[in-house]
Amino acid sequence: MRNARSHGNLESSSSEFGSEGSGLQPKELHGSSTEFVSEEPSIQSKKSCLVIEIFAGSCRLSKACKEIGFRATAVDKDESRAEHFPIYQCDVTNKAEHDLLLQYIEAEKEELLHIHFAPSCGTASRARERPPGPPPLRSNDHPDGLPDLKEKDKQRVAAANASYQAMIAIAKFAIALGISISLENPKNSLFWRCSFVLQFLEWLPKYHICEFQHCMHGGRRNKFTHWLSCNPRALEVDLFQSLHLLCDQQHSHASWAPYIDDSGRQIFPTASEASYPELLCTRIACILKAEALKQGFVFPSTLEDQLETNPNSAKRQIFTTQPRGKRLRPLVSEFQAYKSFLFPLNAETAVQQFLQQLPKGSRVCHRTLTEGGFFWDDKLAEEANLEAHQSWTNGQPGEILHFGIPREPHDFITEAINKGHPRDIVARVPQPVKDLLTDLACGSLDKRFAKRASFMKRWLKRSLELKEEERKLHENLPGHLQGILKGKRLLLFQEILNDLNYVDVAVVDEVIAGFKLTGWAPRTGVFDPDVRRPQLTLDQLKKMTPGLNASILRAVDESPVDQTTEQVWQETWQEVDKGWIRPANSTVGCSVAKRFGLQQGAKTRMIDDFSISKVNHTYGMKERLRVQAVDELCAYLATLMDGANPSSLPRLKGRTFDLKSAYKQYGVDTWHSNFLQICVRDPAGGHGLFNVNALPFGATGSVTGFLRISNALAFIGIHD
Ligand SMILES: [Zn+2]
């Protein structure tokens, strides 16, 4: 039994746990140092926090995590058991899919807090030892599989072993990245005795096994579970210690006996018990949230807080409608206050009665189990703003429940008025742009001209000095890029970006080498983090190309010839003259995309469909691309109008520039130039094949490349 004085849990009962969370970090709550309070001054607030569930099945844990503010990714081989939750389909025993999953984990590592594994115990279940169930496939002496199994059972055990081993590889990978893991199986499952599982346990730097029974976490049966965890961020502490609850015999249990259901099928309760009870999931999610807060993650409750951590999250919402779902936080937080009460364990009836007395709309936002018997301490309780419910008696184990109390209508309106129009919160303009706008509205014209002239003079001079080096650089460019990049002062571009301390100077190196249109795009620091994983590896694509190519060529050959076909064919040959593409004879070793014409007014735009050739499926991104569009312009205008007396504003003139053949100003790298082809309908019959030199319109990688260049140019424009 522990008492409150030695206990960290009191610290957690403050309001920061509202499901809407106030964004407070634990260290701001209390001065005292306990296991719950981090004194680490260097913790940076991170934007969003991710939990991954592997072998997710019903996805109940992912769902519970999402409900309290996490991002959650549920991974499983198929989606048949998922309860209304999107599944990342992945067979971890397939090498290519396994690799993609590891790449995804790597790409998310900054925001990834925890991975949970729930491997199937089907072949390892002790229930098999009890008739009338299926026969056992493993034993204490042969945990990796009985020696004389029938062929079919042998295959089942081999498949299960392969998935266990794949899982262990993923867990090791995560731990090496500093990500905590948990792994669950029934206490008596032979899984725990498998040779490779024992080896894994030996490999782990330190691990904890928490044992509990499901009936104490909302389950109908007294199932014993072992919950193994390893947290590389704090190896000595069992993150899940508070789950350790064994049946208190205060309730009845549903039977384990197999029964015949209404449709005459025999049902084994072991299968239905494989899904976690919802209460258990909520408790686990709350444990993870406490850990996330400790690690400096924030869970913003209002739009203002959200924009504080991520100024770009609402950029596109300035003048359009708000998106569905929970991507943007509300302007006024849902709860006016939080109340923390200590209840006895699993006192659901008392909790429901208590909720009835609170204002309508109140709900439980967070819950923390006390880890054994709990002794009351008035002083600590007062500090933590904790009250005990009448049904709890001193020394009893319990659970601290945090209730969110919604705002009264009047309070809501007052708060909304205080916040003002959301436009003022959303339309944030970066400081350098603000300075520029202020100067434009109020600064002196002479000074501005002088500044621009000196910038131009300095770099014009430098461009002359670099002339010889630029010539050498161009001479050594890959052949297919020499024409495309001709006349571009690439070294000058690089020097200007370096001079301005731009984060993505590397973009110039990629211009010089050519952009890649498969694999992972680099993290540039220009855009917000946001991972979009590739669906295929390049190796998978290469294996698919002969079949894909054949079907694309057939479709092109059979397509009807009309006026657009003629135009596309002619323009395609003009592109050959410009060096953007080059004719080819064979598709061997290549991936073929389909070119078609899209009528845009009088113009026919050439679209190269790299989605049907699956090239786009191999492209992954770690950042969300953003185009500076009309929203930006509106925000700038709003800033101008807010800042100055409208009558003193100068007359504004707008001007738009169109970029000439924007994408075709830059090229792909040599490997992609040889690998990527387009196929065009020949009006005279059949098709023509061409290899790609310049960025094709229709490949995701082209968009990344082009937007990186645009952002670099815009940066120079703002910072000159
Ligand atoms: Zn029980």
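**Exercise 1. Determine which residues of α1 and α6 meet, and classify them.**

Solution. Arg60, Leu61, Ala64 and Cys65 in α1 meet Glu278, Cys281, Thr282, Ile284, Ala285 and Leu288 in α6. Two residues are in contact if their C-beta atoms, placed from the backbone, lie within 7 Å. By class, this contact of α1 with α6 comprises seven nonpolar, one polar and two charged residues. Ala, Val, Leu, Ile, Met, Phe, Trp, Tyr, Cys and Pro count as nonpolar, Asp, Glu, Lys and Arg as charged, and the others, Gly among them, as polar.

The model is predicted: local features need pLDDT of at least 70, side-chain atom pairs count only at pLDDT 80 or more, and totals for chains, interfaces and linings use all residues. Residues are numbered from 1 along each chain as its sequence is written.

**Exercise 2. Describe how the axes of α1 and α6 are arranged.**

Solution. Two packed helices are described by the angle between their axes and the distance between the axes. The axes of α1 (residues 60-67) and α6 (residues 278-294) come within 8 Å and cross at roughly 50°. Axes are lines fitted to C-alpha atoms, for helices over the stretch in contact, and angles run from 0 to 180 degrees between N-to-C directions. The two helices are therefore oblique to each other (under 35 degrees counts as roughly parallel, over 145 as roughly antiparallel, 65 to 115 as roughly perpendicular, and the rest as oblique).

**Exercise 3. Establish the strand order of the five-stranded open sheet and its edges.**

Solution. The order is β16-β21-β20-β17-β18, with mixed pairing. Helices (H or I, at least four residues) and strands (E, at least two) are DSSP runs, numbered from the N terminus; two strands pair if DSSP finds at least two bridges between them. The edge strands, each pairing on one side only, are β16 (581-584) and β18 (603-609). Neighbouring strands of the sheet are turned by 40° against each other on average, direction ignored.

**Exercise 4. Trace the pairing of β17 with β20 and β18, and identify the helices packed on the sheet.**

Solution. Strand β17 (residues 591-600) pairs with β20 (residues 676-681) in the parallel sense over four bridges. Val592 has Gln677 in β20 as its bridge partner, and Ala593 stands opposite Ile678. β17 and β18 run antiparallel, joined by seven bridges; Gln599 stands opposite Thr604 in β18.

Helix α18 (residues 538-558) packs on the sheet and touches β17, β20 and β21 (687-692), its direction making about 40° with that of β17. Helix α19 (residues 563-578) also packs on the sheet, touching β16, β17, β18, β20 and β21, and its direction makes about 115° with that of β17.
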